[in-house]
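Visitor: I should like to learn how to read salt bridges in a protein model. Could you guide me through them?

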Amino acid sequence: MKNKNFDYKLLIAVILIASFGIVMIYSASSIWAEYKFHDAFKFVKAQAIFFLAGLGMLYFLSKIDYKIYEKKANLILLICFILLVLVLIPGIGSIRNGSRSWFGFGGFGIQPSEFAKLGLIIFVSKYLAGNQKLMQNIKKGVFPILLVIGVFFLLIMLEPDFGTAMVIVLTLVVMIFISGVKLSFFVKIGVLALIGIVALIIIAPYRMLRIVAFLNPWSDPLGSGYQIIQSLYAIGPGGLLGQGFLQSRQKQFYLPEPQTDFIFSIISEEFGFLGILIITSFFAFIFYRIIKISLKTNDLFGKYLSFGLGVGILIQALLNIAVVIGLLPVTGVTLPFFSYGGSSLLVSLASIGIILNISRK
């Protein structure tokens, strides 16, 4: 394989939106951080550390031959499995917002489910590349990989982290779909998945409250519907050009923790429709560059890997935006490159680093 310069257009686009994400974290969190921690820069400083670490990881991974992940895919998946088991053990895993999905290190937290997403994409890419003909046989080709996905889905749901679990499953299902599996199989699986999702909602009362809040937020405006109502109050007044940078009203103790899952609401309020258009255009451009890399790659593993990583970022972004504007119930999915959270940012930048290495071949 011939070494080439990697895709600088993709790199520049990612650095630009991740940098803007840090700026928006300051805007969204400064008032809350000043009130609670007496430091308006608390969240932005933590995110900046992860951003710099992520850039270092991106550069490092862009230099490593991606074929090594194919050789070490089983080991990577095993490590992810062990981490997901360990985080469920009281005293090892930390509880945040009702979910035992974090390893705490001082003031920082690492979310193993984010890294499991990366590990599963690598493993499924290897499986699909090595079993291309076998994927036509549902029993021998598709069911084994679905079993592996199911085990990881169950572990993440035990935390529970429904949002991350859905991003992972949707990403991997799209990867399996493009491998050539018959459409009729996905129709059957879709029906079973719908029944399973309904069951998961019924057995967890807080999920049912989210569904009710989604259908009619005003049925409980001070409870389960509060967050989405405040999000829509942020988006509505944004207009064409927005209220102006740092001028959001909803971040002033109305919208809970606006620097995380609902940072898109603050962007909409401060920069209006123009800001939304710019952000979504950046995501579209990034996905376009990744798909272009995937199509040009001759190696089948590289094709699946770059496609899977790109689809994972796109699905996560679409789910987050859909929640923020009220098209889906609240899931707790972050906006890639924007939302406050070190694990999400590290994994997103690491994914781009791997894709950039694929683009050089």
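Guide: The following turns treat the salt bridges of this structure, which is a predicted model.

Visitor: What is the general idea behind such pairs?

Guide: Side chains of opposite charge can pair when their charged atoms come close. A search of the whole structure finds 6 salt bridges here.

Visitor: Which residue forms a salt bridge with Lys 45?

Guide: The partner is Asp 39, with the closest N and O atoms 2.8 Å apart. Lys 45 counts as partly exposed because its relative accessibility is 46%, and Asp 39, at 24%, is partly exposed as well.

Visitor: Where do Lys 117 and Glu 114 lie?

Guide: Both belong to helix H5, which spans residues 112–130, and they are 3 residues apart, about one turn of the helix. Their side chains meet in a salt bridge at 3.0 Å, N to O. Both residues are buried.

Visitor: How is the pair of Glu 270 and Lys 251 to be read?

Guide: Their side chains form a salt bridge of 3.1 Å, N to O. Glu 270 sits in helix H11 (residues 263–296), whereas Lys 251 sits in the loop between helix H10 (226–235) and H11, so the pair ties together parts that are 19 residues apart in sequence.

Visitor: Are these two residues buried or exposed?

Guide: Glu 270 is buried, because its relative accessibility is 1%. Lys 251 is likewise buried, with a relative accessible area of 3%.

Visitor: Which residues are linked in a network of salt bridges?

Guide: Lys 67, Glu 70 and Asp 299 are linked in this way.

Notes: Residues are numbered from 1 along each chain as its sequence is written. This is a predicted model: local features need pLDDT of at least 70, side-chain atom pairs count only at pLDDT 80 or more; totals for chains, interfaces and linings use all residues. Side-chain values use heavy atoms; hydrogens and water are left out. A salt bridge is a side-chain nitrogen of Lys or Arg within 4 Å of a carboxyl oxygen of Asp or Glu. Buried means under 20% relative accessible area, exposed over 50%, partly exposed in between (1.4 Å probe, protein chains only). Helices (H or I, at least four residues) and strands (E, at least two) are DSSP runs, numbered from the N terminus.
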